[in-house]
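Visitor: I should like to go through this model with you, question by question. Please begin once the sequence and structure are in view.

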Amino acid sequence: MEQRQLDPWEMLLKSYKLMRKILQEEAVREGLTFNETSLLFFVNANGKANVTTLAKYLDVSKSSVVEMIDKLVRNGFLERTKDVKDRRVTYVTITDRGRAVLETVREKYKETINKVLSEVNDVECIMRIFNALMKEYERRKGTSYGEPC
């Protein structure tokens, strides 16, 4: 049976899903999930974060974030600290061990993505797609997405 040609929107959606699966495999090699890796990237880039901020960033429930944090603290990748002005507020910060595993995963991500990009002749087209997605996100949210990982 012949497969039908995908529409561009379907190709983009399928590309996202495939890339996420590929990157998930790299994270799993380090004992992490894709979301745990994203959480580490965010905390590393921002210095510290609380559960509410992380839940919003990852687009998951606060209870899911607490579970991730618990695991990452147990594994020595994050530390919990209390806010000096308001002891009810707890932040997480990345540890040296967390930075080390993050760097390993980041290098694997970079290697994997560069391998894929080496097959593409029009990197400028990818940049235009990325910029269009950023513009759409900012239009919808009224805010910048922030720095890429």
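Guide: We may start from a loop residue of this predicted model. Val120 has a relative accessible area of 31% and is partly exposed. Its place is the loop between α5 (96-117) and α6 (123-141).

Visitor: Which residues make a nonpolar surface patch of about 360 Å²?

Guide: Val120, at 31% relative accessible area, is partly exposed, and patches take residues with over 30%, so Val120 passes that cut-off. The patch is made by Val120, Val123, Ile126, Met127 and Phe130.

Visitor: What pattern does the protein chain follow along the sequence?

Guide: The protein chain has six helices and two strands. Read along the sequence, these elements follow the pattern α-α-α-α-β-β-α-α.

Visitor: What share of the residues in the protein chain is buried?

Guide: Being buried requires a relative accessible area under 20%. Ser38 in helix α2 meets this condition, because its relative accessibility is 12%. In the protein chain of 149 residues, the buried share is 26%.

Visitor: Which residues does Ser38 touch, not counting residues up to four places away in sequence?

Guide: Ser38 lies in helix α2 and counts as buried. With residues up to four places away set aside, Ser38 touches Tyr57 and Leu58.

Visitor: Which helices do the salt-bridge partners Glu36 and Lys71 lie in?

Guide: The side chains of Glu36 and Lys71 meet in a salt bridge, with an N to O distance of 2.9 Å. The pair ties together parts that are 35 residues apart in sequence, because Glu36 lies in helix α2 and Lys71 in helix α4.

Visitor: Is Glu36 buried or exposed?

Guide: Its partner Lys71 has a relative accessible area of 22% and is partly exposed. For Glu36 the relative accessible area is 5%, which is under the 20% cut-off, so Glu36 is buried.

Visitor: How many salt bridges does a search of the whole structure find?

Guide: Side chains of opposite charge can pair when their charged atoms come close. One such salt bridge joins Arg88 and Asp86 at 2.9 Å, N to O; Arg88 is exposed at 73% relative accessible area, whereas Asp86 is partly exposed at 23%. Over the whole structure, the number of salt bridges found is 10.

Visitor: Which helix do Arg99 and Asp96 both lie in?

Guide: Arg99 forms a salt bridge with Asp96, their closest N and O atoms being 2.9 Å apart. Arg99 is partly exposed at 37% relative accessible area, while Asp96 is exposed at 63%. The two residues are three apart, about one turn of the helix, and both lie in helix α5.

Visitor: Which residues do salt bridges that share partners join into one network?

Guide: Here the salt bridges share partners. The network they form consists of Glu136, Arg139 and Arg140.

Visitor: What is the phi of Asp59 near?

Guide: Most residues other than glycine have a negative phi. Asp59 is in the loop between α3 and α4 (62-74) and is exposed, with a relative accessible area of 69%. Its phi is positive, near 60°.

Visitor: What distance separates the C-alpha atoms of Lys48 and Thr81?

Guide: Lys48 lies in the loop between α2 (34-46) and α3 (51-58) and counts as partly exposed at 43% relative accessibility. Beyond its neighbours within four places in sequence, Lys48 is in contact with Val43, Tyr91, Val92 and Thr93. Lys48 and Thr81 are 33 residues apart along the chain, and their C-alpha atoms are separated by 9.1 Å.

Key:
Residues are numbered from 1 along each chain as its sequence is written. This is a predicted model: local features need pLDDT of at least 70, side-chain atom pairs count only at pLDDT 80 or more; totals for chains, interfaces and linings use all residues. Side-chain values use heavy atoms; hydrogens and water are left out. Helices (H or I, at least four residues) and strands (E, at least two) are DSSP runs, numbered from the N terminus. Buried means under 20% relative accessible area, exposed over 50%, partly exposed in between (1.4 Å probe, protein chains only). Patches are made of residues with over 30% relative accessible area and no salt bridge: like charges are joined within 9 Å, nonpolar side chains (Val, Leu, Ile, Met, Phe, Trp, Tyr) within 5 Å. Accessible areas come from the Shrake-Rupley method with a 1.4 Å probe; for residues, only the protein chains shown count as cover. A salt bridge is a side-chain nitrogen of Lys or Arg within 4 Å of a carboxyl oxygen of Asp or Glu. Contact means heavy atoms within 4.5 Å.
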